[in-house]
Amino acid sequence: MKNFTSVKDVDNVEQLVKEAIELKRNPFAHQHLGKYKTIGLFFFNPSLRTRLSMQKAATNIGLNVIVMNVGSQGWKIEFEDGQIMDGNAAEHIKEGAAVMSQYCDIIAVRSFPELKNRELDYEEKVLSQFVKNATVPIISLESATLHPLQSLADLMTIREHQITSYPKVVLTWAPHPRALPQAVANSFVEWMKAAEVNFIVTHPEGYELAPQFSAGVKIEYDQSKAFEDADFVYAKNWSSYNQYGKVLSIDKKWMVDSSKMVITNQAKFMHCLPVRRNVVVSDAVIDGPDSFVIKQAENRIYSAQIVLKKLLEYDQ
Ligand code: CP
């Protein structure tokens, strides 16, 4: 694997998940791969899980780690080519990424969308400029439109705990007071499409995901109907793609609570976190025995670590 920016970088999704589960049993077995090498984690936006799990994974595999909140601590970076740089940006990505590549053997980047201009966000300007201008592998720590490390951890969690060979997995939109990216939902759809699962998405009308993700996916606008016989319920809010970045509904009826979960096949509740309690999900569900949110967060370590392993092996 040369870079890890989406499911498209993975040859065999199920094999990668299998290897991540194996790695979890023996996390320090590959320390030689990272010895004398450095990963740089560059954050344009906040993080708890991604930052800590990637540091832990990198340490497990023997890497030194540099972390920089580049959004608040670095020079403002220009990502457009050919600009007259007489504004706020003091550094161009051409030099920035080239210099980072002198200090790091792998570069990992988190950069959220602005949710103002759909075309600009879906161009993935920041991540693609890192890929273009760095001379080392690039990992997405969540980009404008995708969060592949999260989805790999989510699929890993499903595979570890499924009790049927073809589990029913439901991705449900849930309310939220603020406009959030579509990245987690887009990625989850991509990874579920690449996996052997019975997958369905439920959301209010107006929350359709981009066609490149929703194509071929079952959509059910009736949340209760979608929940019938579900083995896994994955809740996530996202803002509208069609009315880009807009919050069209905060309908509390879409919150995941116990009255919804009883419709399922004792489904496991999943969410990438952070989550707003009693807005997205009720206390009773997230605190209940079928809540998997902490297991997902734990698996963020091993999803990151298997990706590091593949990138370091590719480099050998
Ligand atoms: N799920 C996730 O990516 O969490 P953070 O935003 O805290 O990294």
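**Entry 1: the ligand**

I started with Q150, where a polar side-chain atom lies 3.0 Å from a nitrogen atom of the ligand. Before going further, I noted how covered the ligand is: taken alone it exposes 250 Å², and the protein buries 92% of that. A reminder to myself that I am working on a predicted model.

Next I looked up two contacts to oxygen. For T50, an N or O atom of the side chain is 2.7 Å from an oxygen atom of the ligand. For R49, an N or O atom of the side chain sits 2.9 Å from a ligand oxygen.

Which residues are around the ligand? I listed S47, L48, R49, T50, R110, H147, Q150, C272, L273 and R300.

**Entry 2: cysteines**

C272 turned up in that list of residues around the ligand, and I checked its cover. Its relative accessible area is 8%, under the 20% limit, so C272 is buried. I also looked up C104, which counts as buried because its relative accessibility is 3%.

How many disulfides does the count come to? I get 0 disulfides. For the record, a disulfide is a covalent bond between the sulfur atoms of two cysteines.

**Entry 3: salt bridges**

I searched the whole structure and found 15 salt bridges. I picked some of them to follow up.

My pick to begin with was K8 with E190, whose side chains meet in a salt bridge at 3.3 Å, N to O. This pair links distant parts of the chain: K8 is in the segment before α1 (13-25), E190 is in helix α8 (residues 183-193), and they are 182 residues apart. Are the two partners buried or exposed? K8 counts as exposed because its relative accessibility is 66%. E190 has a relative accessible area of 11%, so E190 is buried.

Then I went to R159 and E14, whose side chains form a salt bridge at 2.6 Å, N to O. R159 lies in helix α7 (residues 148-161) and E14 in helix α1, so this pair ties together parts that are 145 residues apart in sequence. I looked up the cover here too. R159 counts as buried because its relative accessibility is 18%, while E14 is partly exposed, with a relative accessible area of 25%.

I followed one more pair, K253 and D251, and their side chains meet in a salt bridge at 3.4 Å, N to O. K253 counts as exposed, at 62% relative accessibility. D251 counts as partly exposed, at 27%. I also asked which residues are joined into one network by salt bridges that share partners. The answer is K24, E160 and E298.

**Entry 4: a nonpolar patch**

Last, I turned to the surface. Which residues make the nonpolar patch of about 270 Å²? I found I66, V99 and Y103. I placed V99 in helix α4 (residues 93-103). Why does V99 count as partly exposed? Its relative accessibility is 34%, between the limits of 20% and 50%.

**Wrap-up for my own use**

To come back to this quickly, I keep these points: the protein buries 92% of what the ligand exposes when taken alone, the disulfide count is 0, and the salt bridge search gives 15. Among the pairs I followed, K8 and E190 are 182 residues apart, and R159 and E14 are 145 residues apart in sequence.

Methods. Residues numbered from 1 in each chain as written. Predicted model: local features only at pLDDT ≥ 70, side-chain atom pairs only at ≥ 80, totals over all residues. Heavy atoms only, no water. Patch = residues over 30% accessible without salt bridge, like charges linked within 9 Å, V, L, I, M, F, W, Y side chains within 5 Å. Areas by Shrake-Rupley, 256 points an atom, 1.4 Å probe, with all protein chains shown as cover. Salt bridge = Lys/Arg side-chain N within 4 Å of Asp/Glu carboxyl O. Helix = DSSP H or I, 4+ residues; strand = E, 2+ residues; numbered from the N terminus. Buried < 20%, exposed > 50% of the residue type's maximum accessible area, 1.4 Å probe, protein only. Near = heavy atom within 4 Å. Polar contact = N/O pair within 3.5 Å; in protein donor to acceptor, adjacent residues only side chain to side chain. Disulfide = S-S within 2.5 Å.
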